[in-house]
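Reader: Could you walk me through how to read a core and a sheet, please?

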Amino acid sequence: MSVIARWLRFLLIVVGLAKGSDVPGAAPPNFIVILCDDLGYGDVGCFGAEKIRTPRVDRMATEGMRFTDFYAPSPLCSPSRAGLLTGCYPRRVGLAKFVLRPDATTGIHPDEVTIAELLKGRGYATCAIGKWHVGFLPPFRPGAQGFDYYFGIYHNLDHWETKHFEGQGGVPLLRNEEVVLRPATPEILTERYTEEALGFIERNRERPFFIYLAHTMPHLPYDVTPRFNGRSAGGLYGDVVECLDWSTGEILDGLVRLGLDKRTIVVFTSDNGPDKGSPGSAGSLRGQKHTVFEGGMRVPCVMWGPGQIPAGSVCNEVASTIDLLPTFGAMAGAPPPRDRVIDGRDIRALLFGEVGARSPHEAFFFHDGNGVLRAVRSGRWKLHVSPKQALYDLGTEIGEQADDSAAHPEVVARLRGMFDAFELEIGVSARPVGRGE
Ligand SMILES: [Ca+2]
C-alpha cells in the first residue's frame, strides 16, 4: 500500500469512527433476524429440500448470501437463544444447560449486554417477536433485556411447558406484558408474528430498528391456518415451513415497499437441528437436535442486504449466530463491551464478500445440551472428543461417517490442544447466570 493510500485509509477510518460507522456518512442499517425453531438443514429449498418449497428464502439467497457452514451455538432452544442474544457461547453466560421451563428462576444475567441493548444504545428501536425462552421473571423478560416492544409467547407449546398453565387458561400470547389471547395455539402464530413485524417496521421506518423474530414454528406441536393447510407436498410439517417462507417473503416485500431494502440486513436461520419426533430433515448431515453432530447444530442460513451483501453468493466459512452481535454492532458503530470475553466475531468481511475472507473463528466449539464441551472444528476438520474420539474431514464429507484420526494424528493433536485450552479458559472465566427470586 502506498503512503498516500495508507493515509487515505486512515482518514476514512477516522471519519467513519467519528460518525459511528465504517462507511462515512452512511445511516446505520436496520437488522432483522428471523430465527426458526428446530428447522433442519435440509428443510429449505436452497439447502436441498425436495418436497418442501421455499421460493422466498431461495430468492433471498439468489439476491443475497447463503451460508453453508453456519452454526447454532447449542443443539437446544434456550441455550441457542442465549448465545445469539449475548454474542457468546451459552456456557460463557451460564445458560448452556437444557431449556428454561416456565418455572425457571434463571435467565440471561442483567449485566450481560444483549444485542438489543447494544443497538438501543445507538438509538435503535428494538423489538422481539415470538418465542422468548431465556427467562420469565421480571429482570429477564424482553423489556428488561433491551427490547422496546415484545409480542409473542415466552415458552413453547409442548406438553412439558403447557402443563404449567393448566387451570390458568393455557399459555398466554403477550403484547409487552399484557395478555392478548389465551390459550395461544400454534396455527395462528406465524401469521400473527408476521403482522406484528410488518407493523413495527412501518412504525419505525424513519429510524434504525432491530427486529428479533423468533418463530415458534416448526417446533412441535406445529400447525397452520386453513389457508396454508395442504399446500405442501411435505405434509403438515411442509405446510408449516412453507408458511414461514411466506412470512419471510412478506417481510422482504414490506421492506421493498417502504424503500428500506437498501438499508436493511435480513438473516434467516434456525436455533438448532430438527427434532427426532418431527419429520424435519437435516439433509445429509448426521444427527439431529440434542446432538453435537452437524445435524444438531449446523443450520440453514441466508443473509440478505441488497447493495451491501453480494447477490447470489455462497459462503463456506464457519460462522454462527453468536457472530451477529459483534457484526451488527460494528455496522451500527456500537462495538461490543471490551471488559469481558465475547466469543462471537465480526464477520463483515464474509458478509460483504471480501476476496479471500476467511472465518474469524480459528476454532468453533460444540457443547451438548448439558453444556458439556464435546467437539471442536477448525477449518475443514472436526474433532469429537467425547464420548468417543473421532476426526471428520468436513471438507470432503459432511456426514461425519469416516473417522480420519488414524490417518491424521497431527490434526487430532492440534485440535485436541484447542479443545483443552478452551475448556480450561471457559472453565475459569464463564460468567454467572442471572438468578431471580
Ligand atoms: Ca429449538
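Author: Gladly; we start with the core and then turn to the sheet. This is a predicted model, where local features need pLDDT of at least 70, side-chain atom pairs count only at pLDDT 80 or more, and totals for chains, interfaces and linings use all residues. Residues are numbered from 1 along each chain as its sequence is written.

Reader: Which residues touch the most other members of the largest nonpolar core?

Author: A nonpolar core is a set of buried Ala, Val, Leu, Ile, Met, Phe, Trp, Tyr and Cys residues joined through C-beta atoms within 7 Å; buried means that 20 or more other C-beta atoms, placed from the backbone, lie within 10 Å of a residue's own. Here the largest such core has 124 residues, and I211, L213 and M303 touch the most other members. Helix α7 (235-257; helices are DSSP runs of H or I, at least four residues, numbered from the N terminus) gives the most, with 9 residues.

Reader: And how is the sheet with β14 ordered?

Author: Strands of a sheet pair through backbone hydrogen bonds, either parallel or antiparallel. This open sheet has 4 strands in the order β14-β15-β16-β17, with antiparallel pairing (strands are DSSP runs of E, at least two residues, and two strands pair if DSSP finds at least two bridges between them). β14 (364-367) and β17 (390-393) are the edge strands, each with a single partner, so one side of each has no neighbour in the sheet.

Reader: Over how many bridges do β16 and β17 pair?

Author: β16 (381-384) and β17 pair over 4 bridges, in the antiparallel sense. W381 has D393 in β17 as its bridge partner.

Terms used
A residue is buried if 20 or more other C-beta atoms lie within 10 Å of its own, exposed if 12 or fewer, and partly exposed in between; C-beta atoms are placed from the backbone.
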